[in-house]
Amino acid sequence: MNAERPAWEQLSGARVLSPVQPRKLAKVPFVEMAEGRLQGVVSSGSDIERVYVSSITAGTHGYNCSTNNNRPCGGLRGTPCKHLQSLVEEAVLQYGLERVARYLRAEGDSAATLVRILSGGHESIPAAVVFSRFLRHLAYLELPDTSEPVAELHWFPSLGAVS
Amino acid sequence: MLGAQLAALHDGALPGVDEALDLIAGFDDALVSGFARLGEERAAALVALAGALGGTPLGPSAAEAAGKVTVGSITDEHLTTLAGARTALFGAVHDALLARLDDALGRSRADWEGTQPQSGDPLAGACRSWLAELAITGWRGVDHGLASSADQAIQNLLAEPRLRRPAMLLDGLAAELRASSPVGAMERLPARRWADLWARGLLLTRTGGLEATELVSGRLLPLGVDVHEHGTAVQIQIHAILEPHGRLVRTSVAAAKVDTIAGPFVWQLLSSYPVLLDALARRLSLEVTDMPLLPSGDLLWHEGRASAGAYTDPFATARVQLTGAVSPAVPPLERHPVRIAEPVFVEGYKSDGKTLQLDGSGLAFDLDRLPQSGPLTPQLLKASTACIGLMRWDGGQWRLQPLAVQATVKKERLAVHNGDWALGPTDQKARGSGAKAGDPVAVLKERAGRLLRR
């Protein structure tokens, strides 16, 4: 029998997505690259009820940070605030520097340099859209589980570490 | 599985399989560029696929659908028929492969006695329109907008427990398309895989769930656990022998999740099944009473109808009882090679961690199906001499997906199982990295509790 691996294009179980890397979620419970932005939610360090919605637009590198009730972040004075820094740091942990830099269309050898080159200035990005995506994300955890066999999941092998 | 059985599995090509796969590849190629601009060659591929079913009841409608689609009349009905034609062809490949495997193993299989009900849930309509749009556009034309355009429709499916199967399938496909957009910029496409998921989506949104045909009681002796997972779903599927019937059965539980919950943390999402998880972690048998059994050999797990039994060694079960056990029938619509997951036991082999050698025959390990939620690693496979696994077939090749191995590590004889961490990692290193990552399930549940119900 030949031990060569069959062509990826001809595999039903071909792996398309790489697993996200584990990270602590306490500070930044949600980060995603979607809708042309790196965006996410950063928990307030002082008020457990408050979260900040931070986002950076790919290409233009405009950014915004506000509470989920649309109050502007006090740390945003002409430069990215600490929430935006946390957002980029956690995105790099989760997706890897290369993917984040490619998505933002930015160059940098670390999360810190990615933040430093953010030159697009303050841009009006609606917090509500990002926040509702976070709520939708959380809503997955509220769906009831099932003991009906889902045969379709045979197409989705557990995301192992090796290949 | 003996060396002779492994040799028998690979003894000669299966008639018709390569031809069928060629026809399927032609269809998949048409989906890459889209049905709106087929061109002569791809149009011929659709007609050829339909033609292969000429002698079957599906033949005339498949021919008509291919004829209409190639001249630009692309309706839901025609697309469903073509998806059915592709599925039927793969069904034939599945049957040939499974018959060869059963013959090689000397395994007997029950006859199909269930019914496959139809269903047409209106909630699924928007998702079907999306699947049609994908087929018309072709994978190459998929951008962020099209990839995300069914997100709301999929959320609606997820909210309806009856539609969990199509919801989990389509959510998985949509996530891959979103992450791959714009698909036109990709160097190569998972053409087989996406066509599989597309066809499955169209058929599944027209299919009702299977009904249990009997209630069974007895002792369940687990062989091992298979873990399935994508960003927003996890399923564990336990393969076991049901005594005193000597039947191979499976039982599954699945939960929704998010992508940042992965690895050993996925077990926490299944904490409402303590009897089942405890049995996996402590290698116990399970006593079941009046548990519903589907004609597909799947026990519908009810915690209240099960209790923990005595310690049982899955390797003893595999060694002694697997040979004579009867396998369940496969539901007609699930006849696809990717679903072949037949439990086998192999011992006395040599392994380099990638392939095992048994009496001069080789069999590759399916390393793509080694979950991060358990302790099995390629290093353990290399040190192993016995394995309980699932026979898998993909891309023209049989592989062995390990569920448990016996290995000698530092002169110590170990038995390591996929389900060992069902109650949390037992290994220092995994515990350490778990502690470093905090507890994502607890963090997100706290956030959900505080923010969702405002």
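Colleague: How much area does chain A expose, and what share of it do carbon and sulfur atoms supply?
Modeller: This is a predicted model, where local features need pLDDT of at least 70, side-chain atom pairs count only at pLDDT 80 or more, and totals for chains, interfaces and linings use all residues; side-chain values use heavy atoms, without hydrogens and water. Residues are numbered from 1 along each chain as its sequence is written, with chains lettered from A and ligands numbered from 1 in the order in which they are written. Accessible areas come from the Shrake-Rupley method with a 1.4 Å probe, and for residues only the protein chains shown count as cover. Chain A exposes about 7,400 Å², and the share from carbon and sulfur atoms is 50%.

Colleague: What percentage of the residues in chain A is buried?
Modeller: Buried means under 20% relative accessible area (1.4 Å probe, protein chains only). Of the 163 residues in chain A, the buried part is 55%.

Colleague: Which pattern does chain A follow along the sequence?
Modeller: Helices (H or I, at least four residues) and strands (E, at least two) are DSSP runs, numbered from the N terminus. Chain A has four helices and four strands. Read along the sequence, they give β-β-β-β-α-α-α-α.

Colleague: How many residues does each chain bring to the contact between chain A and chain B, and what area do they bury?
Modeller: Contact means heavy atoms within 4.5 Å. Chain A brings 63 residues and chain B brings 94 residues. Buried area is the accessible area (1.4 Å probe) that two parts lose on being put together, summed over both. Here 59% of that area lies on carbon and sulfur atoms, and the total is about 7,200 Å².

Colleague: Which residue of chain B meets A:Arg136 in a salt bridge?
Modeller: A salt bridge is a side-chain nitrogen of Lys or Arg within 4 Å of a carboxyl oxygen of Asp or Glu. The count between chain A and chain B is four. In one of them, at 3.9 Å from N to O, the side chain of A:Arg136 meets that of B:Asp151.

Colleague: Which element of chain A gives the most residues to the side that touches chain B?
Modeller: The elements of chain A that give two or more residues to this side are helix 1 (82–95) and helix 4 (127–139). The most, seven residues, come from helix 4.

Colleague: Which residue takes a positive phi just after helix 14 of chain B?
Modeller: Helix 14 of chain B covers residues 428–436. Just after this helix, a positive phi of about 70° is taken by B:Gly438.

How values were computed:
Buried means under 20% relative accessible area, exposed over 50%, partly exposed in between (1.4 Å probe, protein chains only). A polar contact is a pair of N or O atoms within 3.5 Å; within protein, one must be able to donate a hydrogen and the other to accept it, and residues adjacent in sequence count only if both atoms are side-chain atoms.
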